Amino acid sequence: HIERGMDAGDEIRFPRKAEQLPGQIPGDVIVTLRQKPHPRFTRKGNDLHMDLVITLKEALLGFSKSFDHFDGHKVVVANPKISKPGEVKRIAGEGMPVKDVPSERGDLYVKLQFKMPADLTADQKALVEQLFVA
């Protein structure tokens, strides 16, 4: 059976379950796991990585966003301060289970991506210029 925390390339061995021939000991059946890509998470060892898109307003004023994890529990990613492009937030214990140690989990790394406005009106441009006087 597949154990929690098993990774791509891990093997499951079924001893002496291969084809049986008279006078020979049956061999082992070995199943090698492959991992299907996930739309949100990328796995690196026991850690998970993901991108989170936030707006320019959220980047400047702070944000709190939640999403469902694999098992359905909510994970909250928040930053009350100004976020930097490409900033990575680490959430301890929200990664994959550690194989053979069910009480331990890897971490979740959330890389912040900014959704920039496609266009600004003349009034919006004027406001931005007023706010960010050099």
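The legends below describe an overall view and several close-up views of a predicted model of one protein chain.

**Figure 1. The whole protein chain, with its helices and strands.** The predicted model contains two helices and ten strands, and, read from the N terminus, these elements follow one another in the order β-β-β-β-α-β-β-β-β-β-β-α. The radius of gyration of the protein chain is 24 Å, whereas the globule rule gives 14 Å for 134 residues, so the chain is more spread out than a compact globule. In keeping with this, the C-alpha trace spans about 90 × 30 × 25 Å along its principal axes. Of the 134 residues in the protein chain, 23% are buried, and, among the contacts with a separation of 6 or more, 42% are made between residues that stand 24 or more positions apart.

**Figure 2. The surface and the charges of the protein chain.** The accessible surface of the protein chain amounts to about 10,000 Å², and carbon and sulfur atoms account for 54% of this area. The protein chain carries 21 positive and 19 negative charges, and the mean position of the positive charges lies 1 Å from the mean position of the negative ones.

**Figure 3. Close-up of D10, in the segment before β1 (11-14).** A polar atom of the D10 side chain lies 2.8 Å from the backbone nitrogen of D7. Once the neighbours within four places in sequence are left aside, the residues in contact with D10 are V31, T32, L33 and K99. The last of these, K99, is 89 residues away from D10 along the sequence, although the C-alpha atoms of the two residues are 10 Å apart in space.

**Figure 4. Close-up of S83, in the loop between β6 (74-79) and β7 (88-91).** The relative accessible area of S83 is 5%, and because buried means under 20%, S83 counts as a buried residue. Its side chain makes a polar contact of 3.0 Å with the side chain of N79. Apart from neighbours within four places in sequence, S83 is in contact with I54, A59, F63, L112 and F114.

**Figure 5. Close-up of E94, in the loop between β7 and β8 (97-98).** With a relative accessible area of 17%, E94 is buried. The side chains of E94 and H73 are joined by a polar contact of 2.8 Å, and H73 also appears in the list of residues that E94 touches, which, without those up to four places away in sequence, consists of L48, H69, H73, V75, G106, D107 and L108. For a sense of distance within the chain, the C-alpha atom of E94 can be set against that of V29, a residue 65 positions away along the chain, and the two atoms are separated by 34 Å.

**Figure 6. Close-up of R16 and D100, two residues with a positive phi.** R16 is found in the loop between β1 and β2 (29-32), and its phi is about 55°, a positive value, although R16 is not a glycine. The relative accessibility of R16 is 53%, and R16 therefore counts as exposed. D100 belongs to the loop between β8 and β9 (101-105), and D100, which is not a glycine either, has a positive phi of about 70°. At a relative accessibility of 61%, D100 counts as exposed.

Note on methods:
Residues are numbered from 1 along each chain as its sequence is written. This is a predicted model: local features need pLDDT of at least 70, side-chain atom pairs count only at pLDDT 80 or more; totals for chains, interfaces and linings use all residues. Side-chain values use heavy atoms; hydrogens and water are left out. Helices (H or I, at least four residues) and strands (E, at least two) are DSSP runs, numbered from the N terminus. The radius of gyration is taken over C-alpha atoms; the globule rule is 2.2 Å times the number of residues to the power 0.38. Buried means under 20% relative accessible area, exposed over 50%, partly exposed in between (1.4 Å probe, protein chains only). Contact means heavy atoms within 4.5 Å. Accessible areas come from the Shrake-Rupley method with a 1.4 Å probe; for residues, only the protein chains shown count as cover. Lys and Arg count as positive and Asp and Glu as negative; His and the chain ends are not counted. The place of a charge is taken as NZ of Lys, CZ of Arg, CG of Asp or CD of Glu. A polar contact is a pair of N or O atoms within 3.5 Å; within protein, one must be able to donate a hydrogen and the other to accept it, and residues adjacent in sequence count only if both atoms are side-chain atoms.
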